Structure formats: structure tokens, C-alpha cells
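Student: Please select one part of this structure and examine it closely. I should then like to see it connected, step by step, with the other features that can be described.

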Amino acid sequence: MRQLLAASVGNAVEWYDWYAYTFLATYIAAQVFPKGADNSLVPLLSTFAVFAVGFFMRPVGGLVMGAIADRHGRRNALTVTILLMGSSSLLVGLTPTYAAAGVLAPVVLVVARLLQGLSVGGEFAASTTFLVESAGPGRRGLFSSFQYVSTTAGQLLASGIATLLVDTLSDGQMNGWGWRIPFVLGAVLSLVGFWIRQGAQETRSEEQRRGPRPGLLEAVRRHPRESLLICGITAGGTIAYYTWTSYLPTYAELNAGVDKSDALLAGTISLAFFGLLQPVGGLLSDRFGRRPLLLFFGLGFAVLCVPLLGLLNGSFVVLLLVQCAGMVLLTGFTSISAAVNAEVFPPRVRAAGIGFPYSLTVALFGGTAPYVGTLLKDMGHAGLFPWYVAALCLGSSVVYLRLPETSRVELRR
């Protein structure tokens, strides 16, 4: 329980900081970027472009922080990542407006997102390894599920605070100073996470501590097949995850005319539902295996993504049902992602081996999802986006079919 708390609380704070940006994207767009023509999507596109830029620092974070975790211990790496995230969150909260600072405003925002990307990439690498190595026999799936329980808790907190601010403050207050509150709060919460992680126990074995330290690129160089396997496993999962948990409120606003407040509320409710599903998925995988759940996710999204998004019609109830249906399918991937990844690599390079290919794939497909969806809308081809998501999920399903079952194999330490 202590290990779960140390990983989960810190991870929740990390992802709260990361997702607050997504939920408040429209307000950031209005304040930090120059306005285009009337009703132009250019400022919003710029905001999502910066969102994507942060993702492209994640592979660097996964590689560097993963190497720190493999060389100096998982706990040390987790301590560094949460301090980085707190600093970058505060920087977002203090970003000047374009009216006040001109081009300096988006520059500051880009720097903050680069630091956040570095932190989040390292967080996934270290916390995934830490969680799965802390699990007892036959419980790796359950412990793995807490990766997304805590991620969802952070996202839920970000969504809930954003909804509360939108409902209680006027548009003028939100645009003036209200959007900054979640980021300043995130910096404070990061200090709480840092304090909790000081009491965690190191999971790196004594044999690893005594052995020679792995090189920075050793995981990719010596395990290319495993690295490519992580990419194939992750591609469909990450596009579906970021579409359903982050971008769907904005997608519903742009394409179905859903009210902004209703979209945020539906996202908050569905995220709570999603978080409750994760341990169920983890337990099922410990009993029946990883591959059945992965195929449930991949084939389910390949078949149902287009019709589900096609149901959106401006109704709050329909949006909520669509989101919850997607969350059930998505659980087949998210609840066991950490366990599947950790079971692929040997302990010597496990953190860096997971962190780099996973974060690179997330950057290519997950981080660009809001930008691609908004760009297709701006080009008049919004209907292509659901097909794009479905195609990637189908591609990952092919990988799942060929994936060896690892739930009964003892984890190498």
C-alpha cells in the first residue's frame, strides 16, 4: 500500500499539471496567441501545436529519466520528475499575455511545455517500472492498473477544477486570471507529491545496484525488437486514450455544438467512471491474460470508433454515453499497459527501455491527436478523424494477435 501510494499520489499530481493545459486550451489560446480573423481556429491550433511540442520532449524524458532510474534507482528518478513538473506548471501559470509581452508570451509557454514533456516522459518510465516491480505474484495486472487510476485521478482533478472555474467565474474573469489558478495550484501539489515519495522503498534489486551501469542507448541498441513491439502495442492505445479522455470535449464543441460547460462536465463524469474500471481490468488480466483484454480494446475501437463519434448531436446525454462506452473499451489497454510494457524488457534497462519507445509513440500519435482533429475540422474534413483513430487501433490489434502471453511468466528482476 505504501508503494502504491507513493507512485499513485505523485503520478496523479504529475498528470493533473499536464492535463490542466488541455482543459483550458481555449482560454490559453485567447490570451497567449495573437488573434486571427473572426471565428478563426488559428489561436486554438497554435495552442494545440504547443501541446504537441510538449509531447515531443517526452521521448527525451523517457530516455534520460529512464536511464537515471536504471542507474540510480526508481525512487530517485521519480523525485526528479515531480520537481520538474511543479516548476513547469508554475511557469505556465505565470505566462504573460500576448497583449502584455508580445511574442515572448508563446515563447514562455513553449519552454514550460518542453519542461512538462521532459517530466512526464520520465514519470511514465520510472513509475511504470516501480509499480510493476512492487507487485506480488499474480498481481502485476492489478498494480499496473493503478498507473491509470492515478493518471485519471489527476486528470479528473484538472477537469473538475476547470469545470468549477468555468461555472463560477465570468468569461472576463476566466480570460483575465481564472485560467491561471489550476497551474499555480499544481505547483503546490507537486511539493506534496515530492514529500510522499521520500518514504518509498527502492525496487531496483541488489544485483542491479552492484552490476555495471547501463549505457544511455543500451536498451534501444541491444533490444530493437522489444522497442518496436512497445511502439506497436502503444500506437492504437495512445490515439484512443487522448481522443477520448482529453480531446473529446473540444471535438464535441467544434463538431456537434455541445456547450463548453456541458462538454467539461461530461468529461469529468466519464473520467470518474473510467478510473473505477481500471482495477477491474487489471484483475481480469491477472486471471485470464493480457492478450484478451488488448484485443477487446483494439478490435472494439476499430469497429465502433466511427459510429460512436457519429452519434454526437449536441446533446449532453449522448456525449456522456459516447464517452462512457469508449472508456469501457479503452480499459482493455490502459489497465494493463504498464504490466505489458514491463514484461517485455529485462530489469537492467527496463525503465529506459519502456520510456523511450513508449513516449516516442505517444508523441507521434497521442500528442498530435487534438491538433490533427482540429486541423481536419479547419480544412472541412472533420469526418476523417474517427477513421484515423480506427485505423491505428486496427494496426495495433494485429500486434496484439501475435503478442505472447506474459501474465503467467515470472517477472525478471
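Tutor: A suitable starting point is Thr129, which is in contact with Arg74, Arg350, Ala351 and Ile354 when its neighbours within four places in sequence are left aside. The model is a predicted one. Thr129 belongs to helix α7, and its relative accessible area of 0% places it in the buried class, because that class covers values under 20%.

Two of the partners of Thr129, Arg74 and Arg350, lead on to the charged groups. A search of the whole structure yields nine salt bridges. Glu343 takes part in one of them with Arg140, where the closest N and O atoms are 2.8 Å apart. Glu343 is situated in the loop between α17 (337–342) and α18 (350–366), whereas Arg140 is in helix α8 (residues 140–168), so this pair ties together parts that lie 203 residues apart in sequence. Glu343 and Arg140 are both buried.

Glu343 has a further partner: its side chain meets that of Arg290 in a salt bridge, at 2.7 Å from N to O. Here the loop between α17 and α18, which holds Glu343, is tied to helix α15 (residues 290–310), which holds Arg290, so the parts joined are 53 residues apart in sequence. Arg290 is buried, as is Glu343. Asp70, Arg74, Glu133 and Arg350 are joined into one network by salt bridges that share partners. Arg74 and Arg350 of this network are thus also contacts of Thr129.

A salt bridge within a single helix offers another case. Glu218 pairs with Arg222, the closest N and O atoms being 3.2 Å apart. These two residues lie in helix α12 (residues 218–222), four residues apart, or about one turn of the helix. In an α-helix there are 3.6 residues to a turn, so residues three or four places apart point the same way. The accessibility of the two partners can be set side by side: Glu218 counts as buried because its relative accessibility is 6%, and Arg222 counts as exposed because its relative accessible area is 55%.

To return to helix α7, another of its residues is Val107. With 43% relative accessibility, Val107 counts as partly exposed, whereas Thr129 of this helix has a value of 0%. Val107 contributes to a nonpolar surface patch of about 430 Å², together with Tyr98, Val103, Leu104 and Val111. Helix α7 (residues 104–134) supplies the largest share of this patch, namely three residues.

Arg74, met above as a contact of Thr129, falls within the range of helix α5 (residues 74–93), and Thr79 lies in this helix too. Thr79 counts as buried because its relative accessibility is 15%. Beyond its neighbours within four places in sequence, Thr79 is in contact with Phe194 and Gln198. The C-alpha atoms of Thr79 and Arg197 are 6.7 Å apart in space, although 118 residues separate the two in sequence.

Ile233, in helix α13, can be treated in the manner of Thr129. Its relative accessibility is 2%, so Ile233 counts as buried. Not counting residues up to four places away in sequence, Ile233 touches Phe333, Val340, Ser396, Val399, Tyr400 and Leu403. From Ile233 to Gly298 the distance is 9.7 Å, C-alpha to C-alpha, across 65 residues of sequence.

Helix α13 leads finally to the internal space. Rolling a probe the size of a water molecule over the atoms shows where empty space is left. Three cavities of 30 Å³ or more are found in the whole structure, and the largest has a volume of about 90 Å³. Its lining includes Thr22, Phe23, Ala25, Tyr27, Ser246, Pro249, Glu253, Lys260 and Leu264. The elements that each give two or more residues to this lining are α1 (2–23), α2 (25–32), α13 (224–256) and α14 (260–288). Of these, α13 gives the most, with four residues.

Helix α2 deserves a separate remark. Six of its eight residues are buried, so α2 is largely enclosed by the rest of the structure. The buried residues are Ala25, Tyr27, Ile28, Ala29, Gln31 and Val32; Ala25 and Tyr27 are also among the residues that line the largest cavity.

Methods:
Residues are numbered from 1 along each chain as its sequence is written. This is a predicted model: local features need pLDDT of at least 70, side-chain atom pairs count only at pLDDT 80 or more; totals for chains, interfaces and linings use all residues. Side-chain values use heavy atoms; hydrogens and water are left out. Patches are made of residues with over 30% relative accessible area and no salt bridge: like charges are joined within 9 Å, nonpolar side chains (Val, Leu, Ile, Met, Phe, Trp, Tyr) within 5 Å. Accessible areas come from the Shrake-Rupley method with a 1.4 Å probe; for residues, only the protein chains shown count as cover. A salt bridge is a side-chain nitrogen of Lys or Arg within 4 Å of a carboxyl oxygen of Asp or Glu. Buried means under 20% relative accessible area, exposed over 50%, partly exposed in between (1.4 Å probe, protein chains only). Contact means heavy atoms within 4.5 Å. On a 1 Å grid over the protein atoms alone, a cavity is a set of points where a 1.4 Å probe fits but cannot get out, and a pocket is an open set with protein on both sides within 12 Å along at least five of seven lines; lining residues have an atom within 4 Å of a point. Grid points are joined across faces, edges and corners, and a volume is the space filled by probe spheres set on the points.
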